[in-house]
Amino acid sequence: MNSPHRAPSLTPEGIPDRLYGRRRGHPLRSRQERLLDLALPRFRLTAAEAAHAKAVFPGTADLWLEIGFGGGEHTLALLGANPQVALIASEVFENGLCSLLTRLVPEGEEGTAAVPARLRLWPEDARHLVALLPDGALGRLYLMFPDPWPKARHAKRRFVHAAMLPLVARVLREGAEWRIASDDPTYQAWVEEVFADQPFFALRDLAVGDRPADWHPTRYEAKAIREGRTPRYWTFVRSDAPWS
């Protein structure tokens with residue numbers, strides 16, 4: 001039976017229609033279990049809502065998507081710095097979901113705390129969310145320090161993939177930005193390869209080492225720098241090329 005949060009018929013050919021990797025790290029504490037059981041169902045975006053995403057956030061000027069928000073600090077920074085923007089934040093790792101929810105929900109109010117008006121969570125495969133969103137729904141997409149899946153046979157698991165580009169192009173309106181950051185040399189080379197010969201996105205900026213001024217830091221970036229790796233930051237802009 002298909003999940004109500006999946007759109008398998010729209011997953012591109014060549015991309016496995018299932019998640020890989022861990023969904024949970026260390027055992028969850030009772031507070032974290034309550035957050036997942038009581039808070040997450042109220043904070044999550046449903047498939048039906050995704051199909052009419054802009055209507056979920058009345059009065060906002062734009063809608064952005066962050067894929068793989070990790071601990072949530074980048075998500076909160078985006079919301080704080082952009083008060084007219086609504087954000088869908090996607091993460092499948094339960095410990096990451098709990099990290100963000102802990103910052104948003106006071107202890108003891110897991111089932112009652114107000115849901116932020118400009119934020120919804122997508123705790124499923126982000127490819128299915130992209131398949132559900134309306135054409136031109138997004139003004140910006142963030143993919144910050146994703147899992148590199150470094151083995152060649154795992155390349156199909158990367159969100160940056162030639163088969164995904166038309167689908168992402170469909171949901172980003174002309175002039176919208178796709179921001180990508182990575183500290184992994186294999187993934188960095190992969191980004192360059194995938195974006196080298198396609199009509200949907202043009203490179204606006206590439207920064208190496210120093211994060212651009214209007215990008216917010218993440219814990220993964222800080223760890224990479226401590227361990228001697230050099231991040232790269234790409235800003236791709238949606239062209240007017242038709243996606244289909």
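## Cavities, cores and a strand arginine

Trp 64, Leu 78, Leu 79, Asn 82, Val 85, Leu 87 and Arg 118 form the lining of the second largest cavity. Two elements each give two or more residues to this lining: helix α3 (73-81) and strand β2 (85-90). By class, the residues around this cavity are 5 nonpolar, 1 polar and 1 charged. The model is a predicted one.

**The two cavities**

In total, the structure has 2 cavities of 30 Å³ or more. The table sets them side by side.

| Cavity | Volume | Nonpolar lining residues | Polar lining residues | Charged lining residues |
|---|---|---|---|---|
| Largest | about 50 Å³ | 4 residues | 4 residues | 2 residues |
| Second largest | about 30 Å³ | 5 residues | 1 residue | 1 residue |

The largest cavity is lined by Glu 66, Gly 68, Phe 69, Gly 70, Glu 73, His 74, Met 144, Phe 145, Thr 218 and Tyr 220.

**Helix α8**

Two of the residues lining the largest cavity, Thr 218 and Tyr 220, also meet at the start of a helix. Thr 218 is the N-terminal cap of α8 (residues 219-226), with a side-chain oxygen 3.3 Å from the backbone nitrogen of Tyr 220. After α8 comes Gly 228, which has a positive phi, near 90°.

**Nonpolar cores**

The largest nonpolar core contains 42 residues, and the members that touch the most others are Ile 88, Phe 159, Val 160, Trp 178, Ile 180, Phe 195 and Phe 201. Elements giving two or more residues to this core are the strands β1 (62-67), β2, β4 (138-144), β5 (172-182) and β7 (232-238), together with the helices α5 (126-132), α6 (165-171) and α7 (185-196). Phe 195 illustrates the packing: leaving out residues up to four places away in sequence, Phe 195 touches Val 160, Leu 165, Trp 178, Ile 180, Phe 201 and Phe 236.

A second core, separate from this one, has 28 residues, among them Leu 36, Leu 79, Val 85 and Ala 181. Of these, Leu 79 and Val 85 also belong to the lining of the second largest cavity.

**Arg 232**

Strand β7 includes Arg 232. Which residue does the side chain of Arg 232 join through a polar contact of 3.0 Å? The partner is the side chain of Glu 192. Beyond its neighbours within four places in sequence, Arg 232 contacts Ile 180, Ala 181, Ser 182, Gln 188, Glu 192, Leu 206, Ala 207 and Val 208. Within that list, Ile 180 is a member of the largest nonpolar core, whereas Ala 181 belongs to the second core.

Key: Residues numbered from 1 in each chain as written. Predicted model: local features only at pLDDT ≥ 70, side-chain atom pairs only at ≥ 80, totals over all residues. Heavy atoms only, no water. 1 Å grid on protein atoms, 1.4 Å probe; cavity = no way out; pocket = protein on both sides within 12 Å on 5 of 7 lines; lining within 4 Å. Points joined across faces, edges and corners; volume = space filled by probe spheres on them. Nonpolar A, V, L, I, M, F, W, Y, C, P; charged D, E, K, R; others polar. Helix = DSSP H or I, 4+ residues; strand = E, 2+ residues; numbered from the N terminus. Polar contact = N/O pair within 3.5 Å; in protein donor to acceptor, adjacent residues only side chain to side chain. Core = buried A, V, L, I, M, F, W, Y, C linked by side-chain atoms within 4.5 Å. Buried < 20%, exposed > 50% of the residue type's maximum accessible area, 1.4 Å probe, protein only. Contact = heavy atoms within 4.5 Å.
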